[in-house]
Structures are given as structure tokens and as C-alpha cells.
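Biologist: Could we take a close look at a single part of this model, and could you walk me through it in one connected account?

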Amino acid sequence: MKYLYLLIGIIAILAFCILFLISKLIGAKKQSDYIVSVLDDIEQGNMNRRVLAFNNDMTSNVCYKINAIVSHCQEQLMQNTSIEQANRQIMTSLSHDVKTPLTSLLGYMDAIQSGVVSGEEKDKYIEIAWRKAYDLKEYVDMLFDWFKLNSNEWQFSFEAIDINELTRNIIIGWIPVFEKSGFNYDISIEDKELCLQLDTKAYTRIINNLLNNVVLHSSGSLIKVGIEHDKNHVTVSIIDNGKGIPQSSIPYIFDRLYKQDKARNTKGSGLGLSIAQELIKAHNGSISVQSVQNERTAFIVHLPLAR
Amino acid sequence: MSDYIIKTHNLTKRYSEQTAVNNVDLNVRRGRIYGILGRNGAGKTTIMKMLMGLTSITSGEALIFNKPFKKGSRDIYSRIGCIIENPFFYPNLTATENLNVMARLRGITRKNAVEKALETVGLPYNDNKPVSKYSLGMKQRLSIANAIQHEPELLILDEPINGLDAIGIVEMRNLIKEMSAKQGKTIMISSHILSEISLLADDIGIINNGTLLVEGSFAELDKKNRKYILLQVSPIEKACNLLEQKFGLNNYSVEDGQSIRIYSIDIDVAEIVKTLALNDIAVTSIQTCTDSLEDYFKKITGGEGIA
């Protein structure tokens with residue numbers, strides 16, 4: 001009799017075991033089907049899709065790995081898309097920023113050519129057209145610089161340069177522009193030599209862009225340039241007493257397309273500051289801006305001192 | 001793979017006598033941030049509730065992930081993260097424990113899903129503070145963590161900055177922007193504040209009294225609604241020349257189709273057209289827009305503005 005109970009007991013246990021294993025198998029098959037359906041969706045291009053798993057499931061590790069791989073691929077894809085988008089934006093902005101001044105320039109040339117103006121007015125037109133042509137050239141040059149920088153084609157050559165001497169020379173070239181635009185200037189640069197690793201062309205461009213920005217956009221009357229240093233850094237500051245930059249714009253000011261004037265027709269694309277920032281980064285430096293509206297704007301450039 | 005994550009046709013919600021949502025045709029595009037803008041009580045939350053199956057649809061249909069949405073189609077919920085009104089959390093459990101409960105119910109996409117979600121919103125992991133002791137801002141952040149922990153493709157957020165302080169608002173904004181830009185998620189947010197939506201949304205839909213008044217890309221709407229005068233002229237170079245010389249105008253831009261958009265409206269349009277005509281310049285169309293985007297919203301929502 002005992003043996004019968006034992007037998008029934010063993011069969012019952014075995015039955016439960018088998019049922020348990022079957023249910024696990026069905027569960028695994030369902031999960032596997034689910035994973036395949038999600039993978040189908042991902043294969044069709046939906047890189048945002050992820051597989052959801054339950055931690056005590058035997059397939060969960062596979063799910064996590066799949067998700068990690070898809071995440072990684074998606075990140076790459078998004079990066080490429082955003083670069084494409086940025087370039088497209090530049091292209092449209094370029095066509096717009098070139099079209100308007102070019103059309104305007106042609107208007108003057110047409111008037112001169114067709115003899116509509118003569119004498120003094122004609123001379124005035126010629127001067128305006130000449131200036132517009134150069135503005136356009138400058139813009140196109142800046143755009144090429146930007147492209148070169150962004151596709152890592154700008155060849156830097158760093159050497160030990162006396163930043164005080166170099167900056168002084170750059171500013172001497174600007175003095176006539178300051179005077180013509182009604183700016184008083186205050187330069188405080190030491191006579192002593194102060195050497196650091198610089199790419200002359202790049203540094204010149206940085207200072208030129210910053211000074212250009214002040215002259216064109218600050219509507220100020222005084223520009224101060226100063227160079228100071230401590231043990232580790234050189235600080236170049238360019239300060240004006242103009243209309244300032246609103247706090248809400250400050251985070252965007254180095255954005256390549258940013259221009260405060262919404263019509264985007266004043267001279268100077270948003271590229272100037274953006275290029276300056278990129279060049280400063282290439283020197284392992286940093287740039288920051290502080291501004292009080294209608295009082296003062298200061299651009300501060302930090303560069304590491306050569307050992 | 002469809003371009004629209006959410007598409008509704010004649011979506012309607014009626015509560016006995018009152019029609020809360022009236023024949024709304026909404027289109028939310030993949031990978032973009034869609035902002036629903038409307039005054040309090042306009043129907044924004046009701047629409048979102050219908051999309052999440054939290055309230056029944058009276059008539060009309062909704063397509064989510066390109067499949068017709070029926071109440072109870074639970075498999076799509078794992079692909080959506082949402083915050084609608086005040087989500088419920090077990091007050092005696094900590095944040096981590098609450099999220100673990102959700103993880104067990106919903107599944108997770110990575111081993112440390114809960115930890116990562118809490119880290120993203122700046123809440124502590126595995127601490128001892130029960131949710132009952134949380135401030136409104138912390139509860140809101142926990143809601144966000146709950147909405148993103150299963151890495152959904154679509155986020156539906158009802159007034160996500162409600163209850164957040166100034167810093168929290170900026171953080172939330174940055175998080176939403178990052179999820180859209182870096183992870184390509186589709187996000188639908190609702191707000192009654194135009195300035196918030198303008199900083200975030202790629203596309204917007206304006207709702208008033210249950211009706212969708214206008215829908216489109218934010219950039220388009222903004223462009224159409226800045227104060228300007230749009231003239232179609234020929235020859236365009238001569239026109240530019242005239243505008244600069246005779247009227248001293250500088251903030252204009254040349255656009256496709258031989259048009260000039262002038263950005264100051266306090267000029268005499270009649271005088272300009274007369275001068276152009278007298279100089280043999282054909283003016284084929286004139287458009288003036290004197291509303292800013294804010295004015296436009298006030299106008300179409302019946303005068304009291306977005307409150």
C-alpha cells in the first residue's frame with residue numbers, strides 16, 4: 001500500500017515539475033516572440049525602441065545588451081543628423097546673408113551703370129558700393145574660416161610668442177578705425193615680454209573679431225584693452241561702455257548663427273564670436289562675457305601660460 | 001515607419017451637456033517637440049487623457065504609433081511615458097521603492113534603470129525619505145523619473161513645469177531639449193504660458209474652448225507674425241537701392257520670389273509704393289503684418305490672452 005502512495009507522490013511531484021517547466025518555456029517563448037517583434041521594429045528604422053525585461057527573467061541580460069547596442073547606434077545617428085542639420089542651417093543662412101547685401105550692391109551698381117546718377121552723387125554711390133563689396137568679402141572669408149575650423153582643416157602652428165608685443169601691433173592697426181568710429185581707447189599692456197604658445201594668425205583673428213564686435217555692435221564711446229597674468233594664466237580683457245547685452249542673450253552669444261538684431265541685416269554675421277571661441281579653445285583657453293545693460297560689456301579671454 | 005507618432009481625426013469628448021474637446025485633428029511628428037497651447041480649461045489635459053486611455057473617447061479616432069488606439073491596448077503604454085495631473089505615489093515608500101514597483105510592473109530596459117532615472121532628475125537613490133515628506137518640486141521630479149525610467153519613445157507631459165522653482169524650470173527645459181535633441185524622443189507638452197512653449201516647441205497647436213484653432217511649426221508662425229511689410233517688386237535691386245537711399249531703410253531682407261521684407265512698420269507704406277512706382281519699379285503685392293505672436297494669440301483666443 002505504502003508503495004502506491006509513494007508512487008502517486010512521485011508522479012505528482014514529477015507532474016508539477018513538468019508543468020512548471022512547461023510554463024517557464026511558454027513564458028520564455030512569449031518573451032522571445034516579444035523581443036523579435038521589437039527587433040523587427042528597430043530593424044525597420046525605429047531606433048528609439050527598446051526591449052523591456054523583468055529582472056528575474058532568464059532573457060533579461062540579453063534584453064539589456066540589445067538596448068545598450070541600440071542606444072549606442074542611435075547616439076551616433078543623432079550626432080550625424082545634428083551635424084547635417086547644422087550645416088543645412090548654415091547653408092540657408094549663407095544664402096540669405098549673401099543675397100541681401102549682394103542685391104543691395106547691385107542696386108547701386110545698376111544706378112551707376114545706367115547713368116541715373118552723376119557727379120557727386122555718383123561718387124557717393126561708388127563709395128557705398130565699394131564698401132558693401134568689401135563687407136561681403138569679409139563675410140565670405142569668415143564663413144570659409146568657420147568651415148575650415150569645423151572640418152578640422154585649420155592648420156595650427158604654435159610657437160612661443162610675446163603676447164604683449166603681438167597685441168600691441170594688432171591694436172595699432174585698429175587705431176584709425178577707433179577714431180573714425182568715435183571710440184576713445186585705453187590700452188594697458190606691459191612693456192615686459194610675456195611669452196606663451198600661440199598661433200599668430202589665430203590669435204590675430206581672435207582679437208580682430210572681438211574688436212570688430214565692439215566697434216560694430218556696442219554703440220559705445222570707450223574701448224579698453226588690457227592684458228594681465230598670474231602664475232598659470234594670461235587674461236586678455238576687452239571692455240566697452242556701450243549698450244550691453246541682455247542677460248537672456250548671454251548664453252547664446254557664441255552661437256554661430258546668433259545675431260541680436262532679428263532682421264539680420266547689420267554688418268557682421270554671428271560667426272565672428274563663434275570663430276573666436278573655437279580658436280580660443282584650440283589654444284586650450286576659454287572666453288567669457290559679462291555685461292551690464294547700457295553700461296558696460298567685458299569679454300574676458302583666458303589663455304594658459306607656457307611652461 | 002510613419003512620420004506621425006500621434007494623429008487624431010475628429011477627436012471629441014462630451015460630458016453630457018458640455019463638449020470639452022471638439023473635433024480635434026492633431027498631428028504630432030516623430031522626433032519633435034509638440035506644444036499644446038491654450039488657456040486653462042481649454043481642453044489640453046482632456047486630450048492627453050484620451051490619448052492615454054484615462055478617459056473614454058466620445059467620438060473620432062486617434063492613431064498612436066500608426067495603430068488605431070483602443071482603450072486597453074496595453075502594449076503601447078510601455079512605449080509612452082506620461083505625467084498627467086498629479087501622478088500617484090505610495091506615500092510611505094521612498095522614491096526608489098516607488099520606482100521599483102513601477103519597474104516590476106512595466107519592465108526595465110537596463111539593469112540600473114531606477115538609479116539612472118533618479119540621477120537624471122537629481123533625486124537621491126536608495127535613501128530613506130518617504131514620498132510623503134517630499135515638496136511639490138520633488139514630487140514633480142519624481143514624476144518625471146517615473147515617466148522616463150523605461151526609456152519610452154513618446155512622452156506626454158501635462159504642464160511639466162507646474163510647481164517648479166526658477167532653477168527647476170530651467171533644468172526641466174534643458175532635460176526636455178536634451179531628450180529631444182540627443183535621444184530623438186517625441187515629446188508632447190501642454191502649457192498655458194506662451195514664453196515657455198516658445199523656448200521649447202518645434203510645432204505648436206493652439207486650443208481654445210475645445211477646438212484646435214491653428215497648428216503648425218513654431219518657426220513658421222513666428223515668422224508670419226513679426227511686425228513687417230512684405231513687398232513683391234521688380235526689379236528688386238533697384239528697389240533695394242531706393243529704400244536705402246531715399247528712405248534710409250536698413251533692416252530689410254531679400255527673400256525668394258523677388259520679395260523684400262521690411263522689419264519696421266512705422267513707415268509710410270503708401271509713400272514707399274508711390275516712390276517705387278514713380279521710379280518704374282513694379283509693385284505686384286503688398287502685405288502688412290502688425291501683430292506680434294503674442295498679439296496673434298490674444299486675438300484668436302478671444303481677447304484676454306493666454307492666462
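Modeller: Let us look at helix α8 of chain B, bearing in mind that the model is predicted. Where α8(B) passes α9(B), the crossing is right-handed. On the α8(B) side this contact is made by Ala239(B), Leu242(B), Lys246(B) and Phe247(B), and on the α9(B) side by Ile272(B), Thr275(B) and Leu276(B). Sorted by class, the residues of this contact comprise five that are nonpolar, one that is polar and one that is charged.

Two packed helices are described by the angle between their axes and the distance between the axes. For α8(B) and α9(B), the latter spanning residues 269-278, the axes come within 11 Å and cross at roughly 120°, which means that α8(B) is oblique to α9(B).

The helix also takes part in the contact between the chains, to which chain B contributes 27 residues and chain A 32 residues. On the side of chain B that touches chain A, the elements giving two or more residues are α8, residues 236-247, and β13, residues 252-255, and it is α8(B) that gives the most, with six residues. That side of chain B as a whole holds eight nonpolar, nine polar and 10 charged residues.

As for the surroundings of the helix, chain B has 10 helices and 15 strands, and 38% of its 307 residues count as buried. Among the contacts in chain B with a separation of 6 or more, 68% are between residues 24 or more positions apart.

Conventions
Residues are numbered from 1 along each chain as its sequence is written. Chains are lettered from A and ligands numbered from 1 in the order in which they are written. This is a predicted model: local features need pLDDT of at least 70, side-chain atom pairs count only at pLDDT 80 or more; totals for chains, interfaces and linings use all residues. Helices (H or I, at least four residues) and strands (E, at least two) are DSSP runs, numbered from the N terminus. A residue is buried if 20 or more other C-beta atoms lie within 10 Å of its own, exposed if 12 or fewer, and partly exposed in between; C-beta atoms are placed from the backbone. Two residues are in contact if their C-beta atoms, placed from the backbone, lie within 7 Å. Ala, Val, Leu, Ile, Met, Phe, Trp, Tyr, Cys and Pro count as nonpolar, Asp, Glu, Lys and Arg as charged, and the others, Gly among them, as polar. Axes are lines fitted to C-alpha atoms, for helices over the stretch in contact, and angles run from 0 to 180 degrees between N-to-C directions. Angles under 35 degrees count as roughly parallel, over 145 as roughly antiparallel, 65 to 115 as roughly perpendicular and the rest as oblique. A crossing is left-handed if the near helix is turned anticlockwise from the far one by less than a right angle, and right-handed if clockwise.
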